[in-house]
Amino acid sequence: MTDKIAVVPGSFDPVTKGHLDIIRRAADVFDTVYVAVLNNSAKQSLFSIDERIELLKEVTIDLPNIRIESSSGLLIDYAREKKAKVIVRGLRAVSDFEYEMQITSMNRVLDENIETFFIMSKNQYSFLSSSIVKEVAKYGGNIGELVPTIVEEALKEKFN
């Protein structure tokens, strides 16, 4: 029997409790989960790829079936390289669906053998995004409920 392998992609700039919830739930379903840290050229990143990988490694240290890596090419090529049959995406609200549908449809054109599974975020994370976290952190707001402690500290360091 072969391993059930999935990829959870994202920019994770920074990783939030919402991201962690999706990663943990994927780790419960799949044998191996690759968390692919992507560089979104449309966004100005606060944390470097290496910093994001390090933060993710620290907050997922208790999940032995998680592998944290970066990827700069097409996600579908990365999934193929890892022999993943599934890409896992989190959905926060209906507003995410149209964008995710476009990405999923394009991925199906590129490789119809790789499925996309959507995991609905828990209600307490349905509003949460890295952009919102960065904006609140920039002005010294309380983000303790939104990100792991180590990420909160890293954000304070960036903005001080």
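How many bridges join strand β1 to strand β2, and which way do the two run? I looked this up first and found 6 bridges between β1 (residues 5-10) and β2 (residues 32-38), which run parallel. The model is a predicted one, and I read every entry below with that in mind.

**Entry: the sheet**

I checked two positions along the β1 and β2 pairing. Val8 has Val35 as its bridge partner in β2. Gly10 stands opposite Val37, also in β2.

I then traced the whole sheet. It is open, has 5 strands with parallel pairing, and its order reads β3-β2-β1-β4-β5. The edge positions belong to β3 (66-71) and β5 (115-120); each has a single partner strand, so one side of each lacks a neighbour in the sheet. From one strand to the next I noted an average twist of 30°.

**Entry: strand β1**

I wanted the burial of β1. Of its 6 residues, 6 are buried, so the strand is largely enclosed by the rest of the structure. I sorted the side chains by direction. Ile5, Val7 and Pro9 point one way, while Ala6, Val8 and Gly10 point the other way, and all are buried.

**Entry: helices on the sheet**

I looked at what helix α1 (residues 17-29) lies across. The list is β1, β2, β3, β4 (86-91) and β5, and the helix runs at about 120° to β5. I took helix α2 (residues 49-59) next. Helix α2 packs on the sheet and touches β2 and β3, its direction making about 150° with that of β2.

**Entry: the loop after β1**

I went through the backbone of the loop between β1 and α1, where Phe12 is placed. Pro14 lies in that loop too. I recorded a cis peptide bond joining Asp13 and Pro14, with omega about 0°. Phe12 has a positive phi of about 50°, although it is not a glycine. I flagged both for a plain reason: most residues other than glycine have a negative phi, and most peptide bonds are trans.

Is Phe12 buried or exposed? Its relative accessible area is 3%, so I entered Phe12 as buried.

I found another positive phi at Lys83, about 60°, and this residue is not a glycine either. Lys83 sits in the loop between α3 and β4. With 65% relative accessibility, Lys83 counts as exposed.

**Entry: the largest pocket**

I asked how much space lies in the largest pocket. The value is about 1200 Å³. Its lining has 42 residues, and those nearest the centre are Pro9, Gly10, Ser11, Arg89 and Tyr99. I listed the elements that give two or more residues to this lining: β1, α1, α3 (75-81), β4, α4 (94-110) and α5 (130-138). The largest share, 7 residues, is from α4. By class I have 16 nonpolar, 18 polar and 8 charged residues in the lining.

Two of the residues nearest the pocket centre, Pro9 and Gly10, had already come up in β1, where they point opposite ways and are buried.

**Entry: Met120**

I picked Met120, which is found in strand β5. At 48% relative accessibility, Met120 counts as partly exposed, because that class runs between the 20% limit for buried and the 50% limit for exposed. Leaving out residues up to four places away in sequence, Met120 touches Ile22, Arg25 and Leu91. I also noted the pair Met120 and Asp21: they are 99 residues apart in sequence, and their C-alpha atoms are 10.0 Å apart.

**Entry: Asn113**

Where is Asn113 placed? I located Asn113 in the loop between α4 and β5. Its relative accessibility is 54%, so Asn113 counts as exposed. From Asn113 to Arg80 I have 9.5 Å, C-alpha to C-alpha, with the two 33 residues apart in sequence.

**Entry: Glu152**

Last, I looked up Glu152, which has its place in helix α6 (residues 149-159). Is Glu152 buried or exposed? Its relative accessibility is 15%, so Glu152 counts as buried. Which residues is Glu152 in contact with, leaving aside its neighbours within four places in sequence? I wrote down Asn142, Ile143, Gly144 and Val147.

Technical notes:
Residues numbered from 1 in each chain as written. Predicted model: local features only at pLDDT ≥ 70, side-chain atom pairs only at ≥ 80, totals over all residues. Heavy atoms only, no water. Pairing = 2+ DSSP bridges. Helix = DSSP H or I, 4+ residues; strand = E, 2+ residues; numbered from the N terminus. Axes fitted to C-alpha atoms, helices over the stretch in contact; angles between N-to-C directions. Contact = heavy atoms within 4.5 Å. 1 Å grid on protein atoms, 1.4 Å probe; cavity = no way out; pocket = protein on both sides within 12 Å on 5 of 7 lines; lining within 4 Å. Points joined across faces, edges and corners; volume = space filled by probe spheres on them. Nonpolar A, V, L, I, M, F, W, Y, C, P; charged D, E, K, R; others polar. Buried < 20%, exposed > 50% of the residue type's maximum accessible area, 1.4 Å probe, protein only.
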